[in-house]
Amino acid sequence: MAKRDGFVSRFGVLVTLAGSAVGLGNLWRFPYLVGQNGGAAFILIYILFVIFLCFPIFISEFIIGRRSQTDVFTAFSKISGDSRWNIVGALTVLSPLLILSYYSVIGGWSVNYLFKAVNFEFTNTAPEQIESMFTGLISSVDSMFLYHTLFILATAVVVLGGVKGGIEKFSKIMMPALFLIMLAIALYSLTLENAWAGVEFLFRPDFSKLTIKSCAAALGQAFFSLSLGFGTILTYGSYVSKKENILFQSSGTVVFDTLFALIAGLAIMPAVFNYGLSPQEGPGLVFHTLPYVFSQMPAGGAIAVFFFLALFVAAITSSISMFEVVVAYFVDEKKLSRILSCLIVFIIAWLIGILCLLSFGPLADLKIFGLNIFDFLDKTSSNFLMTIGSFCVVIFVGWKMKKSDIYDEFTNGGTLRWNVRLFGILYFIIRYLAPVVITLVFLSNFIL
Ligand code: PHE
């Protein structure tokens, strides 16, 4: 049998995992949720959820992937010998496929905005016109169709190159570049005259603003940002060599992802406050408020180019990870060639994406549970699919896998000192705490 594709270097694993985690979630979703949920207090709760809940879930997914060395569909049944777990496997193949399509529509917006920035449209245009740019884009089905197609095609091309030849190589170059760009923009933003108001908003907590709903939103965001419950960490984990340290790779990714969300906040909020705008704009913050900020800022035209380039890179490395989950299924399970698998996934994601973008126009009245297709996918992803996926993962690791196997996988046969020390607490969280908290948060969606 041909050897399965896999990563070549430790750094490659880290940047690829980080590539999946850092995405629209950090640059688009995190800043607007912080804005809507009162700033620093929300961030604090978010960080607590990340450390005590999401980090152990991340490790659980990683463990299943590396133990099974196969795609998500059979990973669970291969380890447990119980084919009923294929149902969970099937859900974990379908979820990223659905969300990929919606993600690609927003990814397409980032491409469109990058082109606009390169044409200096944000600096040579009157503020009223900038205001209407976003509405102009989402009311033009043709443009959205074009950019969604470009985005999903670019994703397919990278995945076609394979794990080491495409995904890992791409991430090794793009992720450091992305980090430097965002760091530079954040530093620049901090030099603006009234930057401090934005910094205070991000770091001085006002707990009176915190509601149960915002706590649930913080957890949903932590799931989304760390790519949990979608089989991406599991799939990437299955390509990682047995010599690697799961604790090191997971903590590196989690720290990087959180740091990145904070840097994105620092790049955006000081600028928004400096120009007297509201941080509560919601999903339009990055596509609506920011272009206005760029039009007013000294050197804003150049900053806009870099910002939208960063947004595009962040989005594509995440969409690559979702794409790979489904491609791995066709390659490992159906024994199809990588090229054919990529073609199939491309066509399905492209078609669902088209349905999704039509929900801004001709299909606006097609409602699922009262929401149009786009909003339905946005809500289902973090509120339902990720929570259900993560719940199955912790139940599997905590209650179905043998404790000795988890120990073996996490500590590389007892050889990693820190991992051995942390195992007890990690196991407790995975087995008891995580299922309870995930259930509570899941139920809060129906009660609140
Ligand atoms: N973590 C990605 C982001 O922050 C989104 C994502 C979710 C990617 C699930 C893969 C799987 O944008």
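Here is a short chat between a biologist and a modeller about a predicted model.

Biologist: Let's start with the helices. At roughly what angle do the axes of H3 and H12 cross?

Modeller: H3 covers residues 40-68 and H12 covers residues 246-274. Their axes come within 10 Å, and H3 passes H12 in a right-handed crossing. The crossing angle is roughly 145 degrees.

Biologist: And what classes of residue make up the contact of H3 with H12?

Modeller: On the H3 side you'll find residues including Phe 55, Phe 58, Phe 62 and Arg 66. They meet a set in H12, among them Leu 247, Ser 250, Asp 257 and Leu 262. Sorted by class, the contact has two charged, five polar and 13 nonpolar residues.

Biologist: Staying with H12, is the ring pair of Phe 179 and Phe 260 stacked, edge-to-face or tilted?

Modeller: A search of the whole structure turns up 39 aromatic pairs. For Phe 179 and Phe 260, the ring centres are 6.4 Å apart and the planes sit at 45 degrees. Stacked would need planes under 30 degrees apart and edge-to-face over 60, so with its 45 degrees this pair is tilted.

Biologist: How many residues apart in sequence are the parts that this pair ties together?

Modeller: Phe 179 belongs to helix H8 (residues 163-190), while Phe 260 belongs to H12. Phe 260 is buried, at a relative accessible area of 0%. Because the two rings lie in separate helices, the pair ties together parts whose distance in sequence is 81 residues.

Biologist: Which residues do ring pairs link into a cluster?

Modeller: There's one Trp to look for, Trp 109, along with Tyr 102 and Tyr 113. The others linked in by ring pairs are Phe 122, Phe 134, Phe 287, Phe 294, Phe 307, Phe 308, Phe 360 and Phe 374.

Biologist: Some rings have an Arg over the face. Which residue lies over the face of Trp 418?

Modeller: One case is Arg 29, which lies over the face of Phe 224 at 4.6 Å from the ring centre. Over Trp 418, the distance to the ring centre is 5.2 Å, and the residue is Arg 421.

Biologist: Now for Trp 85: is this residue buried or exposed?

Modeller: Trp 85 lies in the loop between H4 and helix H5 (86-118). Leaving aside neighbours within four places in sequence, Trp 85 is in contact with Phe 76, Ser 77, Ser 80, Cys 392, Ile 395, Phe 396 and Lys 400. The relative accessible area is 14%, and under 20% means buried, so Trp 85 is buried.

Biologist: What about Ser 77, what is its relative accessibility?

Modeller: Ser 77 is in helix H4 (residues 72-80). Beyond four places in sequence, Ser 77 touches Asp 82, Ser 83, Trp 85 and Asn 86. Ser 77 counts as buried, with a relative accessibility of 13%.

Biologist: Last one, on backbones. What is the phi of Ala 299, about?

Modeller: Most residues other than glycine have a negative phi. Ser 227, in the loop between helix H10 (212-225) and helix H11 (232-238), has a positive phi of about 55 degrees and is buried at 8% relative accessible area. Ala 299 is in the loop between helix H13 (285-296) and helix H14 (300-332) and is exposed, at 53%. Ala 299 isn't a glycine either, yet its phi is positive, at about 60 degrees.

Terms used
Residues numbered from 1 in each chain as written. Predicted model: local features only at pLDDT ≥ 70, side-chain atom pairs only at ≥ 80, totals over all residues. Heavy atoms only, no water. Axes fitted to C-alpha atoms, helices over the stretch in contact; angles between N-to-C directions. Helix = DSSP H or I, 4+ residues; strand = E, 2+ residues; numbered from the N terminus. Left-handed = near helix turned anticlockwise from the far one by under 90°. Contact = heavy atoms within 4.5 Å. Nonpolar A, V, L, I, M, F, W, Y, C, P; charged D, E, K, R; others polar. Phe/Tyr/Trp six-rings, centres within 6.5 Å; stacked < 30°, edge-to-face > 60°. Buried < 20%, exposed > 50% of the residue type's maximum accessible area, 1.4 Å probe, protein only. Lys NZ or Arg CZ within 6 Å of the ring centre and 35° of its normal.
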